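Q: Could you walk me through how to read the overall form, the cores and the contacts of a model like this?

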Amino acid sequence: MSKVLEKYEVVIGLEVHVHLKTASKLFSNAPVVYGAEPNHAVTPVCLALPGSLPVLNAKAVEFAIRAGIATHCEVHPHSVFARKNYFYPDLPKGYQISQYEEPICTGGWLEIELEGKGGPALKRIGITRIHMEEDAGKSIHDEAVAGTGSAVDLNRAGVPLLEIVSEPDLRSAAEASAYLRTLRSILRSVDVSEADMEKGQFRCDANVSLRRRGETAFGTRTETKNLNSFRFVEAAIGIEIERQAKLLDAGQRVIQATLLYDPGTNKTRVMRTKENADDYRYFPDPDLVPLVIDPAEIERVRRELPELPDQKHARFVSEYGLSDYDARLLTTSRALADFFERAAKAHGTPKSVANWMLRDVLQALKERELEIDQTKLEPGALAALLRLVDDARVTAKSARDLVPELIERGGDPAALVRERGLEAVSDTGVIDAAADEVIAANPEMAARYRAGEDKILNALMGQVMKKTGGKASPAAVQQTLARKLRG
Amino acid sequence: MSRITREEVERVAALARLHLGPDEADRMTTQLDAILDYVALLSEIDTTGIAPTSHAVPMATPLREDRPGTPLDPEDAVRNAPAREGTAFLVPKVIEGEES
Amino acid sequence: MTAPVGTLAELRAALEARRVSSRELVDAALARAQALEPKLHAFLGMRAERARAEAEASDARRAKGEVRGPLDGIPVAIKDNLVQRGEPTTCASRILEGFVSPYDATIVTRLQAAGAVIVGRTNLDEFAMGSSTENSAFGPSRNPWDTTRTPGGSSGGSAAAVAAGIVPLALGSDTGGSIRQPAACTGIVGMKPTYGRVSRYGLVAFASSLDQIGPFTRTAADAATALEVLCGHDPFDSTSLPEPVPQFSQALTGDVSGLVIGLPKEYFVAEGVDPAVLASVHAAVAELEKAGAKTREVSLPHTKYGIACYYLIAPAEASSNLARYDGVRYGHRAKDAANLSDLYCRSRSEGFGPEVKRRILLGTYVLSAGYYDAYYRKAQQVRTLLRRDFEEALAGCDVIATPTTPEIAFRLGEKSGDPLRMYLSDVYTVSANLAGVPGVSIPCGFHDGMPIGLQLMGRTLDEATLLRVADTYQRRTDWHARRPPEPA
């Protein structure tokens, strides 16, 4: 891969389809449901019965405006719904109501954080447009259900989507991943979508092309559709980079095509090429009038917008005195940021809470591939744990060991400390005895300390800590040893 | 001068998922040609700077409150189905992706 | 055979005076429909049992003094492109064979709330595409004045049902003249309201930006009554106008003094028009002048582009609206489809008639890549010019008067071999749909024993003025009272 990247620059643009968390569908008042029996959430409009007509959901419009503002787009007071015409069983009208020439938002951006040579750096990724459209239904190919055919379920047909199209500003699979995470975080923080990828609420199409380094013209791109996990996005992009490089190296041309990624085989296959691409015959939907939004309404949404990740980041730096880096890490997800704030409030020293979260909590989460709101750890519990350490009732080390447990099983830290017998040993007698033993067993080290090598104390401390099962307060141990060694 | 060829009629028929027999295709080509010839009349008019009309009677955007209504009884939803499996519509196997 | 039925007003009076019951009226309508069916084929299906039950319910309400309004207990018919829950809707097409709607069109709900009793579904050109009902998959309807001639289209069945005195009120739909032209052919009143006045929810869409539902009646007064029930904002139709509905019956003052009638010179060109038609229309206008109206010549300069404009926009919208007829969820599905593509192509090709196919092909073509700007977008621009024509003309007059059609009802088979020739007969009616303005046709004379129609068009939302002029004319003339000969 690195050879490929020396020769070629990778150009990636992403199209994301996001489910809006409205209660009813975009153009019908059918409920939005997940996991219901087929066609249990449909109205005449969803089924495209003769005579049915679309009526636009006000909340979906508000959500689209929020998403646009949160990504620094221009929100247009005039946009138009257009019909995208093609035939498919999960598309009951034979057309999808979308937006074409006049979408609701254009010209936005977001910033992703990349690991650079000199530390983390920010890169701005352009957003070409955001538009509203309805989702299609589902075809089920399971033989048990549909035999040799396919079964069509229209529960999902008509669910409101935003299509968010990025500029081709991304240059690697890692950047693509970072963009998607950031975008998802933004959309969740303004509460327009749960963006749960497993439920299909955040799907990505990846457009990939290569060009020789130094060239300015774009190469031919392919589109890999419906990627619903970050891993799949990275894998599919990787496959395309290798495949296209191989073709170009051999002097062949990349053919514009739409591909599907199969996670089972980790391969992509061609769905259709440009030659047999459909002519969608877009035209303004005559059953709908243009969407006209009062600029005052756009302003109201802007004012009432929940805090965005980068605003939160700035506030964490100024209000809690956190470093830029720490603040950014804590605001990667709204859930994490909320947790931090509640824990910091309960504890009283935000910097301390931040340290513990960034070190121990995030580590434990990563190991378990969990998000913080999927655990049993409560902000109050973390604060309580930290206070136990502050009061020297438990050593820091013991406390750190408890974090995974609190994450997995929850509970009250004080109770856990008691149950496990983790109370810090502050009994001077025990520490004294242990210190005496260690000094006696290490005469050379003791001599070196007395000769001025202060640092050797750490090794001796380590042994004392071991003897006391890690439960002695390090401060007490250090003081005791130093006192005894100085004699 | 013909405005539409038989090939184009067939291409358009495919787009519209219509099958035309050979005689039918010929007939349609002749008739569509005559119609397109007639509607070419519009090219006489200078429409520079004229905005297209999608809706004859302008009106404000109607919006619907986001309140779910009662969906159809699933039995009613599939009652007219030529083929069904439970409450799902049954069709010949769908190849993943859009139909081409 | 039961006698031809009176006007809506007459029936209402008879019901109020207890001279007749709703049940009797409905039975009479059903009987007459059945008796005239072989000659007229106005209907595609009746709903006798339910109609009788609804009639009895109406009589029971009346007995308790709970009359719902002027339509309570009145037998009516609706064009078979309006859906009713639990009833078939065919749109006169094989592709909707067996389809039974699980929901009611909004106008059906309104009619039922008003107590009207729908006795049956009337014949039309398939999917409302046509001017004669010869495109119906179930055979054409016939003109009660001369059964060798068409009753017009696409709402020919509804027109025939009213003209033949089966029901006093029938609903049609008008996309390019499909209410007004049949009204002219059969000597009755047919009105197309302002676009957006009547909800389209439940009207099977042909061309969404042009379609409107409207009433066929014998008199303008009846039309006013019907419109009060039909018109009104509907939250289920995004093109439904929010403006309040006037009490149209109150507008029928019988007074047109000082009213200015515009006569667009482009509609009175001798070429291509039967001179008898022009003569009748001029006489009608003269009658209105005697009643105190003034006339002036106006111009609708883009009139000659109306057909071209219409036959680009309507098929384009239709090609998209009819994509849902694919054999998947309802309607006709081809047998033993080898695969999905086969299922689509054969179901649609077997289900649609030639005119529908033709318009789908035309519409698909003009929307397709490379042609959109030259055809569809261009037509939309011309549409703007047509709208402006009406705005400018109606700034200087109150109503516009024209012939409804260039000739009397043609004979069945006369034009059906040449689609373009059929299209050209819509020349006087399409502009009102393109501009969105209301229009009404009222009888104003006869030629060769066949009715002639006078068309009045007006400002958007000003149906009241049209009805006032029409009603005033009908107070002074009796064309509307003439009846076709009873069959032997």
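Q: What does the radius of gyration say about chain C?
A: The radius of gyration is taken over C-alpha atoms, and the globule rule is 2.2 Å times the number of residues to the power 0.38. For the 488 residues of chain C, that puts a compact globule near 23 Å, and the chain has 21 Å, which agrees. Its C-alpha trace spans about 65 × 55 × 45 Å along the principal axes. Keep in mind that this is a predicted model, where local features need pLDDT of at least 70, side-chain atom pairs count only at pLDDT 80 or more, and totals for chains, interfaces and linings use all residues. Residues are numbered from 1 along each chain as its sequence is written, chains are lettered from A and ligands numbered from 1 in the order in which they are written, and side-chain values use heavy atoms, with hydrogens and water left out.

Q: And what does the rule give for chain B?
A: The rule gives 13 Å for its 100 residues, but chain B has 22 Å, so it is more spread out than a compact globule. Its C-alpha trace spans about 55 × 45 × 25 Å along the principal axes.

Q: How much of each chain is buried?
A: Buried means under 20% relative accessible area, with a 1.4 Å probe and protein chains only. In chain C 68% of the residues count as buried; in chain B the share is 49%.

Q: How do I read contacts against sequence distance?
A: A contact means heavy atoms within 4.5 Å. Take contacts with a separation of 6 or more: in chain C, 77% of them join residues 24 or more positions apart. In chain B, 32% of the contacts between residues at least 6 apart join residues at least 24 apart.

Q: Which residues have the most contacts inside the largest nonpolar core?
A: Such a core is a set of buried Ala, Val, Leu, Ile, Met, Phe, Trp, Tyr and Cys residues joined through side-chain atoms within 4.5 Å. The largest has 173 residues, and C:I107, C:L111, C:F127 and C:L456 have the most contacts inside it. Leaving aside neighbours within four places in sequence, C:F127 is in contact with residues including C:C91, C:V204, C:L322 and C:F352.

Q: Is C:Y195 buried or exposed?
A: C:Y195 is buried, with a relative accessible area of 4%. Not counting residues up to four places away in sequence, C:Y195 touches residues of other chains too, among them A:P286 and B:V57, as well as C:Q212. The C-alpha atoms of C:Y195 and C:Q212 are separated by 6.1 Å, although the two are 17 residues apart along the chain.

Conventions. Buried means under 20% relative accessible area, exposed over 50%, partly exposed in between (1.4 Å probe, protein chains only).
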